[in-house]
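Me: I'd like to learn how to read a model like this one. Can you take me through it feature by feature?

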Amino acid sequence: MQSTDVTKNSKNDQIKKLILRILILCTGLSFVIVGLFSDGFKDVMAKAIRICLECIGIG
């Protein structure tokens with residue numbers, strides 16, 4: 001009887017982990033989408049270009 005309990009618990013744990021991973025993935029994707037729609041990539045690109053130009057001594 002204990003082996004079935006252990007099996008059920010491990011399956012429940014696997015399902016919980018899968019749900020948590022899916023939630024984290026959806027949260028990350030939603031942040032990426034919000035950043036794209038708010039033109040966040042332009043700010044990041046401008047800062048990256050500025051840093052690169054400063055590193056090589058042009059900016």
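Reply: Let's go through the fold, the loop, the surface and the cysteines in turn. This is a predicted model, where local features need pLDDT of at least 70 and side-chain atom pairs count only at pLDDT 80 or more, while totals for chains, interfaces and linings use all residues. Residues are numbered from 1 along each chain as its sequence is written, and side-chain values use heavy atoms, leaving out hydrogens and water.

Me: How many helices and strands does the protein have?

Reply: Helices (H or I, at least four residues) and strands (E, at least two) are DSSP runs, numbered from the N terminus. Here you get two helices and zero strands.

Me: What span should helix H2 have?

Reply: The expected span is 1.5 Å times one less than the number of residues. H2 (residues 40-56) has 17 residues, so 24 Å is expected, and its end C-alpha atoms agree at 25 Å apart.

Me: What is phi like around H2's ends?

Reply: Most residues other than glycine have a negative phi. Aspartate 39, in the loop between H1 (2-37) and H2, has a positive phi near 60°. After H2 comes glycine 57, with phi positive too, near 90°.

Me: What share of the residues is buried?

Reply: Buried means under 20% relative accessible area, exposed over 50%, and partly exposed in between (1.4 Å probe, protein chains only). Of the 59 residues, 0% count as buried. Aspartate 39 is partly exposed, because its relative accessibility is 35%.

Me: Which disulfides are there?

Reply: A disulfide is a covalent bond between the sulfur atoms of two cysteines; the cut-off used is a sulfur pair within 2.5 Å. This structure holds zero. For cysteine 55, the nearest cysteine sulfur, that of cysteine 52, is 6.3 Å away. Cysteine 55 counts as exposed because its relative accessibility is 65%, whereas cysteine 26 is partly exposed at 46%.
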